[in-house]
Amino acid sequence: YLAAMMLLRAGNVRDGVARLDEIAAASPPNEHSAEAAYQAASARIDNGDADRGWRDMEQVLTRFSSSGIAHSALRRLVVHKDEAGKQPALDWLRAQAQGPVGAGDVGELVSFQIAEHLVALEDWAGAHEQYIATATRWPYPYGTLWDDSLFLASEMDLKLARPQHAIVDLERMLVERETTSLVGSYQRPRMS
């Protein structure tokens with residue numbers, strides 16, 4: 001893996017990508033397979049083979065949906081899909097949510113991104129519903145976007161002139177506030 005990355009940095013894209021492809025194709029996958037697939041797709045996108053690179057990036061998302069690199073792949077794909085417009089990107093995200101990607105570890109981010117795209121399209125009610133669905137499916141303490149989802153849902157309530165509903169969303173977050181007997185805190189950033 002390191003040799004492949006050194007080849008890429010030296011400008012030898014062909015040989016670097018070939019080595020990364022070998023690592024990515026390992027069966028069973030090894031510790032570098034997911035990252036190798038992501039790096040190979042990125043190298044293709046950045047060096048003149050964008051069509052294949054984007055297809056490979058989608059494969060990273062589906063094949064390695066439980067890997068941390070899937071989050072980076074999703075974010076990069078969303079930016080790329082947004083170039084065609086928020087609605088096509090939203091449609092693509094909804095399709096991902098229905099498949100294995102939505103069921104994997106990156107599913108929470110897919111759900112949150114759907115809500116973000118609904119906000120961009122000024123569908124406040126739809127965004128509120130999606131934020132609440134995200135917070136409900138990935139609850140505290142496991143959902144990494146749980147507090148953001150509830151906070152942003154309350155903002156959608158304000159846009160819809162429903163301040164009482166906003167208070168309910170925020171209180172739902174504060175109910176989970178915990179204290180710790182050790183040094184540190186269980187507080188989520190939005191709890192303050």
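Start with how the chain contacts itself: among contacts in the protein between residues at least 6 apart in sequence, 50% join residues at least 24 apart. Keep in mind that this is a predicted model. As for what makes those contacts, the protein has eleven helices and zero strands, so if you walk from the N terminus the elements simply read α-α-α-α-α-α-α-α-α-α-α. Taken along the principal axes, the C-alpha atoms fill a box of roughly 60 × 45 × 25 Å. Of the 192 residues in the protein, 43% are buried.

Now zoom in on one pair of helices, α2 and α3. Two packed helices are described by the angle between their axes and the distance between the axes. Here the axes of α2 and α3 come within 8 Å and cross at roughly 145°, and the crossing is left-handed. On the α2 side, the residues involved are V17, L20, D21, I23 and A24, and they meet S33, A36, A37, Q39, A40, A43 and R44 in α3. Sort the residues of this contact by type and you get eight nonpolar, two polar and two charged.

Some of those names come back when you look for empty space. Rolling a probe the size of a water molecule over the atoms shows where empty space is left. The largest pocket in this model has a volume of about 180 Å³. Lining the pocket are D21, A24, A25, A37, A40, R44, R52, D56, Q59, V60, R63 and F64. The elements that give two or more residues to this lining are α2 (13-24), α3 (33-46) and α4 (50-63). Which of the elements gives the most to the lining? That would be α4, with five residues. By type, the lining splits into six nonpolar, one polar and five charged residues. So D21, A24, A37, A40 and R44 are worth picking out on screen, because they are listed both in the α2 and α3 contact and in the pocket lining.

Further along the chain, helix α8 (residues 107-120) holds L118. Is L118 buried or exposed? It is buried, because its relative accessible area is 5% and the cut-off for buried is under 20%. Leaving aside neighbours within four places in sequence, L118 is in contact with L90, R94, D123, G126, A127 and Q130. There is also a long step in sequence here: L118 and Q87 are 31 residues apart along the chain, yet their C-alpha atoms are separated by 8.6 Å.

Helix α8 also contains S111. At 7% relative accessibility, S111 counts as buried too. Not counting residues up to four places away in sequence, S111 touches Q130, T134 and W138. Q130 is therefore a handy residue to display, because it is in contact with L118 and with S111.

The last stop is D157, which sits in helix α10 (residues 146-159). Why does D157 count as buried? Because its relative accessibility is 0%. Once neighbours within four places in sequence are set aside, D157 is in contact with H128, R162, H165, A166 and D169. D157 and W124 are 33 residues apart in sequence, and their C-alpha atoms are 7.8 Å apart in space.

Definitions and conventions
Residues numbered from 1 in each chain as written. Predicted model: local features only at pLDDT ≥ 70, side-chain atom pairs only at ≥ 80, totals over all residues. Heavy atoms only, no water. 1 Å grid on protein atoms, 1.4 Å probe; cavity = no way out; pocket = protein on both sides within 12 Å on 5 of 7 lines; lining within 4 Å. Points joined across faces, edges and corners; volume = space filled by probe spheres on them. Helix = DSSP H or I, 4+ residues; strand = E, 2+ residues; numbered from the N terminus. Nonpolar A, V, L, I, M, F, W, Y, C, P; charged D, E, K, R; others polar. Axes fitted to C-alpha atoms, helices over the stretch in contact; angles between N-to-C directions. Left-handed = near helix turned anticlockwise from the far one by under 90°. Contact = heavy atoms within 4.5 Å. Buried < 20%, exposed > 50% of the residue type's maximum accessible area, 1.4 Å probe, protein only.
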